[in-house]
Amino acid sequence: MMASLTHATTTVAQTVSLFDGFDGFVLPVILKLVFVLAAFFVLPLVGGYLEHKVMGRMQHRRGPVEAGPFGSLQLVADGIKFIQKEDLIPSAADRWVFAIAPGVALVPAMLVFLVIPFGPGVFALDFELGLFYALAAISVSVLGVLMGGWASANKFSLIGGLRAGAQLVAYELPLIIAAITVAVQAGTLSLVGIVESQATFQLFGTGINVWFVFPQIVGFAIFFVAAMAELSRPPFDMPIGDSELVFGYMTEYTGIKYAMYMLTEYAGMISMSALMVVLYLGGWQLLPGVPLPGCEAGGGLFDCSPTGIALGVAITIAKIMALVFLMVWARVAYPRLREDQLQRVCWLVLVPLSLANLAVVTIAKVVF
Amino acid sequence: MSDLDTKERIQPATAPGEGIAVQFVGDADFPTQDMSVSIGPAHPATHGVFRIVLELDGERVKQATPVVGYMHRGFEKLAEHRDFRQIMALVNRHDWLSGFSNELGVALAVEQMMEMEVPDRAQWIRMLMAEWNRILNHLMFVGSYALELGAITPMFYAFRERDDIQHLLESATGGRLHFTYNQPGGLKIDLPKGFLKESVQVSQTVRTRLPDYFDLVLGNEIFQGRTKGVGPLPPDVALSVGATGPTLQATGVAEDSRVTEPYLKYGEIDVEVPVGENGDSFDRFYCLLHRIRTSLDIIDQIHDHMPAGPVNTKLPKMVKAPEGATYVRTENPLGQLGYWLESDGGRTPWRLKMRTPSFSNVQTMPYLMEGALLPDAISILGSVFFVVGDIDR
């Protein structure tokens with residue numbers, strides 16, 4: 001696995017990253033790491049702030065107002081509070097597994113950011129297998145959840161962990177099939193490649209430039225629902241189910257470990273939204289078939305001026321936040337599904353639908 | 001794990017392509033061990049210190065045992081050491097969401113024993129307050145039940161309306177939860193100037209916002225999926241444990257003491273009693289929500305009827321109920337509240353027995369939860385509306 005990935009990075013890197021423009025080996029690597037970490041720590045905070053404010057407005061309150069301008073530093077303040085808290089480990093817990101579990105959940109969520117393109121040239125790596133890598137990394141997080149649920153030595157945690165395991169494994173299937181469908185349409189697994197192929201993609205048989213969301217509206221819906229389930233976001237939050245399981249697999253966690261689980265969830269929201277933007281919503285493109293202002297043609301790194309690059313990043317982040325907004329909206333509007341209803345939705349609706357979608361798109365691709 | 005090893009053996013395939021032969025030794029049932037989970041006394045879904053012990057087989061509840069008494073505050077005994085006016089400040093605390101209705105029950109009992117004539121205006125104001133109190137209570141449960149099913153927003157909506165109503169009641173009584181507005185023979189004080197006008201306004205506001213709950217909660221597909229057919233309660237079981245209020249009405253029994261045994265002036269106005277069909281969680285919530293609407297209808301009628309006149313009678317320095325006993329039942333927001341008041345002619349009751357609706361309603365839970373899934377158990381727990389202080393007294 002590792003060997004093949006390394007192979008892919010060294011020999012088949014398709015598009016040059018902005019950070020490869022610097023001389024030497026060490027400097028680009030450091031810049032890439034800084035970029036990934038910055039995206040990982042800043043964007044979830046922005047998403048979280050958006051959630052606070054949007055939920056507040058939808059519920060006749062104002063959301064955070066005290067910390068920082070318009071309460072924008074509330075999550076930073078929360079983070080500082082979490083660090084100060086006592087780090088409790090229950091005496092019956094499996095100490096090592098309990099301690100490692102939040103990290104096991106957190107690190108894969110961070111690794112996904114490695115391949116997400118935020119703008120023309122603004123990404124750390126462009127794998128040939130980028131989509132495969134992102135989906136694989138996301139699915140490792142479930143291990144951390146299961147470990148935490150098991151190691152807590154708490155019945156609520158155990159039930160929560162098992163629910164999470166069942167749910168995350170089940171929803172992986174429609175998620176991956178929907179993603180595969182896009183890969184079929186684009187003819188590549190590279191995330192950058194998928195964005196670029198949407199610049200010139202035309203609706204079957206017509207001359208109209210569109211993003212993949214138009215021919216694949218079903219796939220997009222499936223991916224969105226499955227992504228929310230994968231992230232245990234309401235209405236699919238049975239693993240946490242605060243009114244049933246106290247706080248599910250996180251019941252026994254305090255302080256920084258709890259904060260790590262929370263960061264995993266919000267980073268997951270960002271990375272899933274980013275994947276949706278890349279797969280369906282044309283990445284950094286402003287309009288389908290029209291190059292960005294400041295860019296020419298397909299909009300690769302060398303076609304763009306610095307303003308074009310900045311604009312591309314802004315557009316990507318705006319699209320991501322729009323999807324985060326939809327997720328928050330669902331949280332505000334819906335009650336929680338029941339565990340068996342959740343599984344039924346997955347196996348009886350989403351999986352057959354996604355398979356049918358794959359078949360239709362594949363046939364259309366061959367015919368037209 | 002060891003059970004699995006001895007009972008089930010997977011034998012390797014003998015030749016390629018033959019597949020795996022699975023042989024079960026002993027009975028083929030997969031042996032599992034039940035897990036006992038204690039929901040409460042400190043659990044988010046029990047909104048208080050109610051405890052229910054669930055025997056779980058996976059996610060399925062095999063047995064549910066409510067454990068009450070964590071909040072026993074000895075109201076019945078305390079009441080024996082307070083005089084009849086002081087009891088008012090005591091009884092509005094056992095069901096803290098229906099303070100006014102509780103006071104009303106005791107006031108009616110004392111008046112009945114002392115054979116007092118209560119002025120008309122006092123009776124109409126009592127009805128008005130009781131109905132506003134009922135709406136306050138029901139709004140709270142609309143919010144908290146949705147919260148138990150995972151929807152956070154209705155709670156905020158409900159508190160928006162609750163705040164308006166509490167503001168209104170505060171202007172007359174000085175209290176937001178514990179009103180202490182009754183006294184034997186009437187009310188402590190008349191309504192403030194402009195109260196009725198504001199009451200009409202609040203009534204209109206709540207009425208225009210009521211469709212929000214019908215759409216957002218009752219009409220929501222997921223809400224219906226979580227509540228329809230969950231915890232069906234047959235009327236005979238409900239009656240055998242003495243369930244009342246929305247829990248009983250949901251089973252199709254239109255029992256409401258405002259109609260069947262009218263007190264105050266309920267006989268002079270129309271009181272509609274919403275009933276359900278299946279007695280499931282959905283019907284219980286449906287009845288609760290419709291009771292808000294019927295209460296608003298009652299309030300509008302009261303506004304039209306409100307007479308002028310005094311609101312209390314002159315009381316002797318020492319209120320003493322004559323020797324004897326009486327039982328008064330009123331329709332509290334959660335069901336029928338009964339007070340058995342026994343007096344030896346002294347200045348305090350000799351015995352004040354409470355028959356609280358929550359205590360009886362909670363007794364339906366072992367029946368309802370048996371065989372339900374864990375999330376359904378929570379759906380049932382929330383839909384059998386109770387206040388922990390009202391169970392434990």
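Mentor: Helices (H or I, at least four residues) and strands (E, at least two) are DSSP runs, numbered from the N terminus. By that count chain B comes to 16 helices and ten strands.

Mentor: This is a predicted model: local features need pLDDT of at least 70, side-chain atom pairs count only at pLDDT 80 or more, and totals for chains, interfaces and linings use all residues. Residues are numbered from 1 along each chain as its sequence is written, with chains lettered from A and ligands numbered from 1 in the order in which they are written.

Trainee: What is the mean pLDDT of chain A?

Mentor: The mean is 82, where pLDDT is the predictor's confidence in each residue, from 0 to 100. Of the residues of chain A, 92% reach 70 or more. Over residues 1-13 of chain A the pLDDT is below 50. Where pLDDT is low, the predicted coordinates should not be read in detail.

Trainee: What makes a residue of H6(B) buried?

Mentor: It needs 20 or more other C-beta atoms within 10 Å of its own; 12 or fewer means exposed, in between partly exposed, with C-beta atoms placed from the backbone. In H6(B), the residues that pass include Tyr157(B), Glu161(B), Ile165(B) and Leu169(B). An α-helix has 3.6 residues a turn, so residues three or four places apart point the same way.

Trainee: Which helices do the buried residues of H6(B) pack against?

Mentor: H2 (26-58) and H10 (306-333) of chain A, together with H5 (120-148) and H7 (195-218) of chain B.

Trainee: How do you know what span is expected of H6(B)?

Mentor: Take 1.5 Å times one less than its number of residues. H6(B) has 21 residues and reaches 30 Å from its first C-alpha to its last, close to the 30 Å expected.

Technical notes
Contact = placed C-beta atoms within 7 Å.
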